[in-house]
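Reader: Hey, got a minute to walk me through this one? I'd like to start with the charged side chains.

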Amino acid sequence: MKPVTPNWRTSSYTETQNCVELADSDPNKVMVRDTKARSRGTVTVLRDTWTIFVRHAKRT
């Protein structure tokens, strides 16, 4: 399987670069990183887990 190149983006609600970026171009996983510390690594979660997190965040 060919690796997917991350397509990093920030939320459309963000007015500054003091946020997180996510890459959801891979059909199986979502990657998250800090815009102010990109070199410090990423958090990678399964797409289903990310979907559950976003649904929960929207409810609160």
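Author: Sure, and let's begin with an odd one: aspartate 26 is buried yet has no salt bridge. Buried means under 20% relative accessible area, with exposed over 50% and partly exposed in between, using a 1.4 Å probe and protein chains only. A salt bridge is a side-chain nitrogen of Lys or Arg within 4 Å of a carboxyl oxygen of Asp or Glu.

Reader: Which side chain of opposite charge is nearest to aspartate 26, and how far away is it?

Author: That's lysine 29, 4.3 Å away. For charge, Lys and Arg count as positive and Asp and Glu as negative, while His and the chain ends are not counted.

Reader: Before I go on, what kind of model is this?

Author: It's a predicted model, where local features need pLDDT of at least 70, side-chain atom pairs count only at pLDDT 80 or more, and totals for chains, interfaces and linings use all residues. Residues are numbered from 1 along each chain as its sequence is written, and side-chain values use heavy atoms, with hydrogens and water left out.

Reader: Ok. Where does aspartate 26 lie, and what does it touch?

Author: Aspartate 26 is in the loop between β2 (20–23) and β3 (29–34). Not counting residues up to four places away in sequence, aspartate 26 touches Val4 and Arg47. A contact here means heavy atoms within 4.5 Å.

Reader: How many salt bridges turn up in the whole structure?

Author: The search finds 3. One of the salt bridges joins aspartate 24 and arginine 9, at 2.7 Å from N to O. That pair links distant parts of the chain, 15 residues apart: aspartate 24 is in the loop between β2 and β3, and arginine 9 is in strand β1 (residues 8–10).

Reader: Are aspartate 24 and arginine 9 buried or exposed?

Author: In between. Aspartate 24 is partly exposed at 28% relative accessible area, and arginine 9 is partly exposed at 40%.

Reader: What does glutamate 21 form a salt bridge with?

Author: Glutamate 21 pairs with arginine 33, the closest N and O atoms being 2.7 Å apart. Glutamate 21 lies in strand β2 and arginine 33 in strand β3, so this salt bridge ties together parts that are 12 residues apart in sequence. Glutamate 21 also has a salt bridge with arginine 38, with closest N and O atoms 2.8 Å apart. Arginine 38 sits in the loop between β3 and β4 (43–46), so here the parts tied together are 17 residues apart in sequence. Through shared partners, the salt bridges join Glu21, Arg33 and Arg38 into one network.

Reader: How buried or exposed are glutamate 21, arginine 33 and arginine 38?

Author: Glutamate 21 is buried at 8% relative accessibility, and arginine 33 is buried too at 17%. Arginine 38 is partly exposed at 38%.

Reader: What else does glutamate 21 touch?

Author: Leaving out residues up to four places away in sequence, its contacts include Trp8, Arg9, Thr10, Met31, Val32 and Thr35.

Reader: And where does arginine 33 lie relative to tryptophan 8?

Author: Over the ring face of tryptophan 8, at 3.8 Å from the ring centre. A charge sits over a ring if NZ of Lys or CZ of Arg is within 6 Å of the ring centre and within 35 degrees of the ring normal.

Reader: Switching to aromatics, how many aromatic pairs are there?

Author: The count is 1 aromatic pair. The partners are tryptophan 50 and phenylalanine 53, whose ring centres are 5.2 Å apart with planes at 40 degrees, so the pair is tilted. Rings of Phe, Tyr and Trp (its six-membered ring) pair if their centres lie within 6.5 Å; planes under 30 degrees apart are stacked, over 60 edge-to-face and the rest tilted.

Reader: Where do tryptophan 50 and phenylalanine 53 lie?

Author: Both are in helix α1 (residues 47–59), 3 residues apart, about one turn of the helix. Tryptophan 50 is partly exposed at 22%, and phenylalanine 53 is partly exposed at 47%.

Reader: Last one: what's the overall layout of the chain?

Author: From the N terminus, the elements run β-β-β-β-α, giving 1 helix and 4 strands. Helices (H or I, at least four residues) and strands (E, at least two) are DSSP runs, numbered from the N terminus. Buried residues make up 17% of the 60 residues.
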